[in-house]
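Here are my notes on the model, as numbered points. Please read them with the structure open.

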Amino acid sequence: MLNKNSKIKDLLKTPIGKDVVDKVLLQMNKSSVWIENPLILNLKLKHLNRFIKDEGFVDALINLANQDKIFPTQEGGMLVKTWWKEIVFYQIYPKSFKDSNGDGKGDLQGILSKLDYIESMGFGGIWLSPIFKSPMKDNGYDISDYYAINPEMGTMDDLKQLIEACHQRGLKIILDLVVNHTSDQHPWFMEALNNPTSDKRDYYFFRDKDKTNNWVSFFYESAWKYFEAQDISALHLFASEQFDLNWDNQQVRDEVVRIINFYADLGIDGYRLDVINYISKNPGLPEGNPWVGELIGFTGIEHYFYGPHLHDYLQEINERAFKPNQLFSIGETPGIGIETSKMLSADYRHELDLIFNFDHLENPGKVRFDQYFYDLEYYKKYMIKWQKSLSNHDWMSLFFENHDNPRMISKVSDQAHFYPAIGKLIGVLLLTLKGTPFIYQGQEAGFINQFFLEEELRDVESINKLKQSDLETVNAGTRDQSRAVMKWNHEGGFTEGVPWIKSQHPEVVSIEEQLLDPHSILCFYKTLIELRNNNHDLIYSPVEFEFEYRHKYFGYRRGDYFIEMNLTSEPIRFEPVKNKGIKLLSNYLGDQEYLRPYEAIIYRKEQIL
Ligand code: TEU
Ligand code: CA
């Protein structure tokens, strides 16, 4: 057990300690060499207070570190082959995907009408962002009835039809499980708020007005909402219409099991679990540390991002619902690092199958709303670290985009002539490294960011953010970038009516037109996906990095394949790698002696007949 007299080096011997130190260094933009200094390694934890000027931080750190006693094992085990390691997922944000009835909002029949397209691209499964009944304050991540489909999106029959149509095509389908919180319109919450003696009261976190804490919500306001009529405050880590469920209550966990079983009975193949690492809060909801708040932005996070019962609760729902239904599970886990991700997803832990880690989405020291260009060399370092750490027990998810993040091409560059190369290079990274790729709608067609005027913003997060920042800042990070509706054909093709949000950037070529152009980003993705689908080397073979320390360059082998790329806008000239094999695919036409800006090439060993 760690205590205040333990040293930094003892802290680093715990999974969470190592990950927290990594995260802090990353956010401070300091290299890990900094921590390898013996003077620092031998520093007692209590002395950290001198730098941080806060007693609470060290206590919180010690508590966290004492949660997991041992590191996840790297030893033994067999790499188990299974469908979710082999397919490429396609993420659909239903409201922005395809509208079938002209109301300007995407729906389930719209998705059904595009299944042929999804299948023809080679995707093996779809993940739908929430489709359940919701007042849509956070576009469905605020659920008011887990057993009803949002009428704007369709009916339960439409969902059944969709599941069947997916399965007929051999596509898997997973749904979003949002059970860290519910909408304020959920009957549980309404009853809890209005009837203090109801058993629902303990489903949430209620406090007297003067007994709340300093936690800050992810949407830039206090995490407490005060209800005047009832004279009580309730905890919400997200919008003020999304209240956190109290997972310490057994009835809440029983409800979650019921929900999981309900859609499993309808035939779905798994779930993506929204902010699932936030479900266990430190008892008593202690004050958040101001220094952590300043560094990470969200005061209080150390008390719930890896809470005391997280493992217990995940093991419980796994045992009671995921395992019996043979469901696949991927947890969205903001703030989780390498070691803790294994504690949550290694096969012998029986918690989740996979997690989404986010540390690669911004460069060190940056946050989503910073205006800067993303340096892909950081991704290389991140990836080398993660890929080398994967044992037979672990697997990882691969992604650059989702409904919460701006488009990756625009993050890398504002030089339009590089867009096709960058879009394709991103595809090569996602489809040739080891892990399960998740491609977000429109990414396969090279969708980019655009400028949103104030009245064009739709997202609650952006609208709140604009109260404290200028429009340029909001534009750099707004989630609306990824929610701009799909551009199916030259005219748009998303809706017959007026779309609820802007369409994709006018200069982006539509999906239909790209399908006809063999050199398009879309056709490149299609080829890449086909290559991965048909070659298990690109799925299961170990990744062997070459010239790891060569600046700007990224090269690795996967069985018979060799992949190399230039991660920058400057050409790279150097002694070529030997035995690359035969060039199979590239994001440039013709050959050159050097690697062109953002050039990515896949080679395969010559087949000896
Ligand atoms: O996101 C959780 C999350 O922490 C972020 O990605 C979030 O959108 C952003 O960082 C806020 O600062 C999930 C969902 O993906 C997101 O769409 C929801 O709004 C959120 O949970 C609440 O359900
Ligand atoms: Ca519609």
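1. I begin with a helix pair. In this predicted model, Pro15, Ile16, Lys18 and Asp19 of H2 are in contact with Ile338, Glu339, Thr340, Ser341 and Met343 of H14. Sorted by class, the contact between H2 and H14 comprises 4 nonpolar, 2 polar and 3 charged residues.

2. How do the axes of H2 and H14 cross? They come within 7 Å of one another, at an angle of roughly 135 degrees. H2 is therefore oblique to H14, since angles over 145 degrees would be needed to count as roughly antiparallel.

3. Both of these helices also take part in a pocket. The second largest pocket has a volume of about 950 Å³. It is lined by 33 residues, and the closest to its centre are Ser32, Tyr378, Lys381, Tyr382 and Lys385. Helix H2 (15-27), helix H14 (338-345) and helix H15 (376-389) are the elements that each supply two or more residues to this lining.

4. Which element gives the most to the lining of the second largest pocket? That is H15, with 10 residues. By class, the lining of this pocket splits into 15 charged, 10 nonpolar and 8 polar residues.

5. Next, the enclosed spaces. The structure has 3 cavities of 30 Å³ or more, and the largest cavity has a volume of about 110 Å³. Of the 15 residues lining the largest cavity, Ser341, Ile355, Trp386, Trp395 and Met396 are the closest to its centre. Ser341 is also one of the H14 residues that meet H2.

6. The elements with two or more residues in the lining of the largest cavity are H14, strand E13 (354-356) and H15. H14 gives the most here, with 3 residues. The lining of the largest cavity holds 8 nonpolar, 5 polar and 2 charged residues. H14 and H15 are thus named for this cavity and also for the second largest pocket.

7. Turning to the sheets, one of them is open and has 5 strands, in the order E16-E17-E18-E20-E19, with antiparallel pairing. Why is one side of strand E16 (543-546) and of strand E19 (582-586) left without a neighbour in the sheet? Both stand at the edges and each has a single partner strand, so no strand of the sheet lies on the other side. From one strand to the next, the twist averages 25 degrees.

8. Within that sheet, strand E18 (residues 561-566) pairs with strand E20 (residues 600-604) over 5 bridges, in the antiparallel sense. Tyr561 stands opposite Arg604 of E20. As a reminder, strands of a sheet pair through backbone hydrogen bonds.

9. Two helices should be viewed together with this sheet. Helix H22 (residues 521-534) packs on the sheet and touches E18, E19 and E20, and its direction makes about 130 degrees with that of E19. Helix H17 (residues 419-432) lies across strand E17 (553-558), E18 and E20, and runs at about 145 degrees to E18. E18 and E20 are thus named for H17 and also for H22.

10. Another open sheet has 3 strands in the order E7-E9-E8, and its pairing is antiparallel. Strand E7 (206-207) and strand E8 (224-227) are at the edges with a single partner strand each, so each has one side without a neighbour in the sheet.

11. Last, the pairing of E7. How many bridges join E7 to strand E9 (residues 232-235)? There are 2 bridges, and the two strands run antiparallel. Phe206 stands opposite Ala234 of E9.

Note on methods
Residues numbered from 1 in each chain as written. Chains lettered and ligands numbered in written order. Predicted model: local features only at pLDDT ≥ 70, side-chain atom pairs only at ≥ 80, totals over all residues. Heavy atoms only, no water. 1 Å grid on protein atoms, 1.4 Å probe; cavity = no way out; pocket = protein on both sides within 12 Å on 5 of 7 lines; lining within 4 Å. Points joined across faces, edges and corners; volume = space filled by probe spheres on them. Helix = DSSP H or I, 4+ residues; strand = E, 2+ residues; numbered from the N terminus. Nonpolar A, V, L, I, M, F, W, Y, C, P; charged D, E, K, R; others polar. Pairing = 2+ DSSP bridges. Axes fitted to C-alpha atoms, helices over the stretch in contact; angles between N-to-C directions. Contact = heavy atoms within 4.5 Å. Parallel < 35°, antiparallel > 145°, perpendicular 65-115°, else oblique.
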